Amino acid sequence: MRLLRAERGWSQERLAAEAGLNRTYLSAVERSEQNMSVDNLYRVAVGFGIDAADLLREQG
């Protein structure tokens, strides 16, 4: 999620707004301090305009 957000030049605030989630929650997820529910994974994918499965694929 962090990599895709950076590639798009999006701030955490922008992703939070697009996904309808709290920025501090997304920040904690990116730092592996919080686990993401499947529902929120879907919301982030919709915010990015991609399939949720794409967020689960290994990058690199």
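1. Arg 5 has its place in helix α1 of this predicted model, and a new reader may wish to begin with this residue. Although Arg 5 has a charged side chain that counts as positive, Arg 5 is buried, because its relative accessible area is 13% and the cut-off for burial is under 20%. Leaving out residues up to four places away in sequence, Arg 5 touches Trp 10, Ser 11, Gln 12, Leu 15, Glu 30 and Phe 48.

2. The overall architecture can be stated briefly. The chain contains 5 helices and 0 strands, and from the N terminus on the order of its elements is α-α-α-α-α. For 60 residues, a compact globule would be expected to have a radius of gyration near 10 Å, and the value for the chain, 10 Å, agrees with this. Along the principal axes, the C-alpha atoms fill a box of roughly 25 × 25 × 20 Å.

3. Some values for the whole chain help to place the details that follow. Of the 60 residues, 35% count as buried, while the chain exposes about 4000 Å², of which carbon and sulfur atoms supply 45%. When contacts between residues at least 6 apart in sequence are considered, 39% of them join residues at least 24 apart. As for charge, there are 8 positive and 9 negative side chains, and the centres of the two sets lie 4 Å apart.

4. Which residues touch the most other members of the largest nonpolar core? This core has 14 residues, and those with the most such partners are Leu 15, Leu 21, Tyr 25, Leu 26, Val 44, Phe 48 and Leu 55. The elements giving two or more residues to the core are α2 (12-19), α3 (23-30) and α4 (38-48), and the largest share, 4 residues, comes from α4. As a general matter, nonpolar side chains tend to be buried together in soluble globular proteins.

5. Leu 26 deserves a separate look, as one of the core residues that touch the most other members. Not counting residues up to four places away in sequence, Leu 26 touches Met 1, Gln 12, Leu 15, Ala 16, Leu 21, Met 36 and Val 44. Leu 15 appears among these partners of Leu 26, and Leu 15 is also one of the residues touched by Arg 5.

6. Helix α3 is largely enclosed by the rest of the structure, because 6 of its 8 residues are buried. The buried residues are Tyr 25, Leu 26, Ser 27, Ala 28, Val 29 and Glu 30, and what covers them includes α1 (2-8), α2 and α4. Glu 30, which is in this buried group, is among the residues that Arg 5 touches.

7. Following α3 comes Ser 32, whose phi is positive, near 60°, a positive value in a residue other than glycine. Ser 32 lies in the loop between α3 and α4, and Ser 32 counts as exposed because its relative accessibility is 68%, where exposed means over 50%.

8. Two residues of helix α2 can be set side by side. Ala 16 is found in this helix and is buried, with a relative accessible area of 5%, whereas Glu 13, whose place is also in helix α2, is partly exposed, with a relative accessible area of 48%. Ala 16 is in contact with Leu 21, Asn 22, Arg 23 and Leu 26, once its neighbours within four places in sequence are left aside. From C-alpha to C-alpha, Ala 16 and Leu 26 are 7.0 Å apart in space and 10 residues apart in sequence. For Glu 13 and Thr 24, which are 11 residues apart along the chain, the C-alpha atoms are separated by 9.0 Å.

9. Towards the C-terminal part of the chain, where does Ala 52 have its place? Ala 52 is in helix α5 (residues 52-56), and at 23% relative accessibility it counts as partly exposed. Ala 52 touches Leu 41, Tyr 42 and Ala 45, not counting residues up to four places away in sequence. The C-alpha atoms of Ala 52 and Arg 23, which are 29 residues apart along the chain, are separated by 19 Å.

How values were computed
Residues are numbered from 1 along each chain as its sequence is written. This is a predicted model: local features need pLDDT of at least 70, side-chain atom pairs count only at pLDDT 80 or more; totals for chains, interfaces and linings use all residues. Side-chain values use heavy atoms; hydrogens and water are left out. The radius of gyration is taken over C-alpha atoms; the globule rule is 2.2 Å times the number of residues to the power 0.38. Buried means under 20% relative accessible area, exposed over 50%, partly exposed in between (1.4 Å probe, protein chains only). Contact means heavy atoms within 4.5 Å. Accessible areas come from the Shrake-Rupley method with a 1.4 Å probe; for residues, only the protein chains shown count as cover. The place of a charge is taken as NZ of Lys, CZ of Arg, CG of Asp or CD of Glu. A nonpolar core is a set of buried Ala, Val, Leu, Ile, Met, Phe, Trp, Tyr and Cys residues joined through side-chain atoms within 4.5 Å.
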